[in-house]
Amino acid sequence: MTSRHASASTDAEHSPPPATVRVHNLRMRYGETEVLRGVDFRVDRGEVVCLLGPNGAGKTTTVEVLEGFRRRSAGTVTVLDEDPAHGGESWRARLGVVVQSWRDHSLWRVRELLGHLARYYAPYSTPQRPRPRDVEELLTTVGLAEYAQARIKNLSGGQRRRLDVAVGLVGSPEVLFLDEPTAGFDPQARREFHDVVHELADQSTTVLLTTHDLDEAEKLADRILVLAGGRIIADGSPEALKLRVAGTSEVRWIQGGRQFVHSTTDATGYVRELLCQHSQHGQHSQHGADIEGLEVRRASLEDAYMTMVRTHESGDSETAVRAFTEEVAP
Ligand SMILES: Nc1ncnc2c1ncn2[C@@H]1O[C@H](COP(=O)(O)OP(=O)(O)OP(=O)(O)O)[C@@H](O)[C@H]1O
């Protein structure tokens, strides 16, 4: 556990901070497909929250709705007490955004682009939050000082991503949305980025980021949200989620040539039931195949998450939501 997590929980015990982000019954439909089916969560001021979920779960969609870039199908959403669908320029200036792919301005030089964006934020400066951030300092913070004069098109993927992060930070945002910010980062850049996020949180900046990296989520997040099957199926601190799965085990077996995995808090009972059910059906049962390769092991957070993802990807998202909610959700 980092000191960041410790101090956040101590503060929260004394006075709950105001919500920066409120999402209630958010729904999003693309044509016939309903991607978000009633998403509920809140993010308090100064919290770092990681949104996890398998590919296509709707993480980017959710973040884009919060940023005001995408109009939701239904539900109530506020960010800094405004509905993002109607947020004006002064609201937008209080937000920082790092999108997943951003490929404009390739002929600009790094310092030139940041300086240009910085000027946009100057009218929105307040005594509590001077805007913009100092561009030279920011270049150093994100490790781009020696590339200040480079043209953006000549940056490597990881350097480009560092610039994306700098663009998100230049306006000294009160809330920062980051969509897979460390994709393409080398380990050093990743660690530096984690330090930046910890500093932001210390300055009461609210951070919502998506990632596929559970290790990163565990290091950064005060709270983890897991989105699957169109809903938030787990919401808790990394420690709380780990504690909840610490008592669970994973039962794996092969039947009819297929691998099965089930998470349970009662591995013995589950295995007994599994074998009994099977022997009742007998060799000529409708299942028709023996259980082989039976294995029981204690599940980690990653195991539990992967079980949910596998079930989800097999097309049985209702079961995935149910299974993971039973085991993990608070
Ligand atoms: N503009 C769009 N029109 C139609 N379908 C879309 C659109 N944008 C996203 N989708 C679909 O909505 C679903 C959710 O996409 P989204 O990008 O929000 O998921 P994600 O959780 O961010 O995925 P990943 O982890 O792969 O980035 C996907 O099935 C995607 O194909």
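**Working through the fold: exercises with solutions**

Strand 10 and strand 11 form a hairpin, two residues lie between them, and G256 in the turn has a positive phi of about 60°. Helices (H or I, at least four residues) and strands (E, at least two) are DSSP runs, numbered from the N terminus. The model is predicted, so local features need pLDDT of at least 70 and side-chain atom pairs count only at pLDDT 80 or more, while totals for chains, interfaces and linings use all residues. Residues are numbered from 1 along each chain as its sequence is written.

**Exercise 1. Describe how strand 10 and strand 11 pair.**

Step 1: Locate the strands, at residues 249-255 for strand 10 and 258-264 for strand 11.
Step 2: Read off the sense, which is antiparallel over seven bridges; two strands pair if DSSP finds at least two bridges between them.
Step 3: Pick out one pair of residues: R252 stands opposite V261 in strand 11.

**Exercise 2. Work out the strand order of the open sheet and find its edges.**

Step 1: Follow the six strands across the open sheet, in the order 5-6-7-3-8-9, with mixed pairing.
Step 2: At the edges you meet strand 5 and strand 9 (231-236), each pairing on one side only.
Step 3: From one strand to the next, the twist averages 15°.
Step 4: Look inside the sheet, where strand 3 (residues 48-52) pairs with strand 8 (residues 223-228) in the parallel sense over four bridges. Here C50 has I224 of strand 8 as its bridge partner.
Step 5: Add the helices. Helix 6 packs on the sheet by touching strand 5 and strand 6, and its direction makes about 165° with that of strand 5. Helix 7 also packs on the sheet, touching strand 3, strand 6 and strand 7 (206-210), at about 145° to the direction of strand 7. For these angles, axes are lines fitted to C-alpha atoms, for helices over the stretch in contact, and angles run from 0 to 180 degrees between N-to-C directions.

**Exercise 3. Determine how covered helix 6 is, and by what.**

Step 1: Check the span. The 13 residues of helix 6 (157-169) reach 19 Å from first C-alpha to last, close to the expected 18 Å, where the expected span is 1.5 Å times one less than the number of residues.
Step 2: Find the buried residues: 10 of the 13, among them L163, V165 and V167. A residue is buried if 20 or more other C-beta atoms lie within 10 Å of its own, exposed if 12 or fewer, and partly exposed in between, with C-beta atoms placed from the backbone.
Step 3: List the packing partners of these buried residues, which include helix 4 (110-121), helix 5 (135-141) and helix 7 (187-202). Contact here has C-beta atoms, placed from the backbone, within 7 Å.

**Exercise 4. Explain why helix 2 is largely enclosed, and relate helix 2 to the ligand.**

Step 1: Eight of its nine residues are buried, so helix 2 is largely enclosed by the rest of the structure.
Step 2: Helix 2 (residues 59-67) gives the largest share of the shell around the ligand, three residues.
Step 3: Leaving the helix, you reach G68, with a positive phi near 85°.

**Exercise 5. Is R272 buried or exposed?**

Step 1: Place R272 in helix 10 (residues 267-281).
Step 2: Count its neighbours: R272 is exposed because 11 other C-beta atoms lie within 10 Å.

Terms used
Two residues are in contact if their C-beta atoms, placed from the backbone, lie within 7 Å.
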